[in-house]
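Please read the points below beside the sequence and the model. They take up a strand, the cysteines and a cavity, in that order.

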Amino acid sequence: MSTRYTQSESLLREALELFPTGTQTAMKSAVSFPAGVSPLFAEKAQGSRIWDVDGNEYVDFVGALGPITLGYNDPDVTAAVREQLESGPLFSLSHPLELDVAKLLKEMIPCCEMVRFGKNGSDMTSTAIRLARAITGRDHVALCGYHGWLDWSIAPTSQNTGVPEAVRALSHAFRYNDFDSLDLIYRNYKDDLAAVIMEPMRAEPPKSGFLEAVRVFCTKRGIVLIFDEIVTGFRVADGGAQQRFGVTPDLAVFAKGLSNGFPLSALVGRREFMKPLAKVHASLTYGGETLSLAAAKATLEKYRREPVVDTIRSRGERLLDGVMKLVRSNGLDEVFLVGGDPSFPFMMPREGLGFGEPEIRTYFLQEMFERGFLVLGAHAISYAHTEDDIDRLLAAYGEVLQKVATALRNKTLPSLLKTVPPKHSTTNWR
């Protein structure tokens, strides 16, 4: 075991006595960060950098699993939060910041006429589903993508342990860019389908006419169309994928990118679909918490004032092009899946050349962490990442991919691993 991560490993031993998986978020656990060769606990972060509790510095392309769009400790956001802290974080009454942020969202997001705030994505996707069921009087839901950890969302997945069969029977997954798979759900359940909830862009862009077909399908059948823009919002465009692709849903959910790391989510939508929330119970104590709202106001104003999305996209295009060339030149097309939108490009290890994904992934991460880069496959590029950050990352990838290719072809990979690979991994960035 490397002495590089002594404090992280010590804290992990304590954490495993206190938390069932040693952490609060699946993507921060050993299924993503192999024990013994990974930084597991952070000390501080600034801009595009993060420091672990052992004092190691990294250029961070994980971005707290996506919310850090401006960079850690952005000066404008930090100043706004500090100013609000002097007045207080939570009150017995509503606060004007709720209106300020809602007005900004209304100006930026095509479908937004009314708003409800929450604290994380699962809060608001679940509110959207309850609302859709109340509006339509129907129970069944068609899903495409990852929409949180609650029962209705996780029901059609392999992670549905503890979800009642009665709930599983109401949720049905369809395939992205495959309209026929959605139509099949409708033919099976017809007038019982309340909502279609989907990520409007996933690892691949929507095929020509796909989102438009889903929009027409829902309109004709009185089904509520919900876009889960938790990942795409304020990253692929200021107003999310709906703005970029010109398809407007009835309701949409935003979270990551909304407040640069402060806990805030929002359900937004057309007035006729949002008004029924006055009678549908969806209330939480911290929905109007002002520090996150102050952060969101500063974040959204910065999007409007500066070329945040364009800069993220430009950096991502350079990274994606460079990664594709490196994977190809090292003959690793079978081993690494490369793609995604330039705003969130990915290079994911997979099974290949006689070795399993956990082994390849563990070796790849072990080498990248040692070189001072925090990566997990997908790249959450922020406004704080510089051209030099991209150049240095590509140089490190060049070294590590060459080592991976040699280890796979010479069958020496097992001897190079400094820890036991996890049995499985996860790619849900929530």
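1. In β10, Val268 is the bridge partner of Ala252. The strand that pairs here with β10 is β9, residues 251-254; four bridges join the two, and they run antiparallel. The model is a predicted one, and this applies to every point in the note.

2. Val268 also serves as the bridge partner in β10 of Val115. The pairing in question is between β4, residues 114-118, and β10, again in the antiparallel sense, over five bridges. Val268 is thus named in two pairings of β10: with Ala252 and with Val115.

3. How many residues of strand β10 are buried? Five of the five, residues 265-269, so the strand is largely enclosed by the rest of the structure. Ser265, Leu267 and Gly269 point one way from β10, while Ala266 and Val268 point the other way. Residues on both sides are buried.

4. On the cysteines, the structure holds zero disulfides. Cys144 is in no disulfide, and the nearest cysteine sulfur to it, that of Cys218, is 12 Å away. Why is there no bond from Cys218? The closest cysteine sulfur to that of Cys218 is in Cys144, and because the separation is 12 Å, it is too far for a bond; the cut-off for a disulfide is 2.5 Å between the sulfur atoms.

5. Are these two cysteines buried or exposed? Cys144 has 1% relative accessibility and therefore counts as buried. Cys218, at 1% relative accessibility, counts as buried too. The cut-off for buried is under 20% relative accessible area.

6. The count of cavities of 30 Å³ or more comes to one. The largest cavity holds about 30 Å³ of space. Its lining is made up of Gly47, Ser48, Asp60, Gly63, Ile68, Gly71, Tyr72, Ala380, Ser382 and His385. By class, the lining residues divide into six polar, three nonpolar and one charged.

7. Ser382, one of the lining residues of the largest cavity, is found in the loop between β13 (373-374) and α14 (387-409). With 2% relative accessibility, Ser382 counts as buried. Leaving aside residues up to four places away in sequence, Ser382 touches Ile68, Thr69, Leu70, Gly71 and Ile312. Among these contacts, Ile68 and Gly71 also appear in the lining of the largest cavity.

Methods: Residues numbered from 1 in each chain as written. Predicted model: local features only at pLDDT ≥ 70, side-chain atom pairs only at ≥ 80, totals over all residues. Heavy atoms only, no water. Buried < 20%, exposed > 50% of the residue type's maximum accessible area, 1.4 Å probe, protein only. 1 Å grid on protein atoms, 1.4 Å probe; cavity = no way out; pocket = protein on both sides within 12 Å on 5 of 7 lines; lining within 4 Å. Points joined across faces, edges and corners; volume = space filled by probe spheres on them. Nonpolar A, V, L, I, M, F, W, Y, C, P; charged D, E, K, R; others polar. Contact = heavy atoms within 4.5 Å. Pairing = 2+ DSSP bridges.
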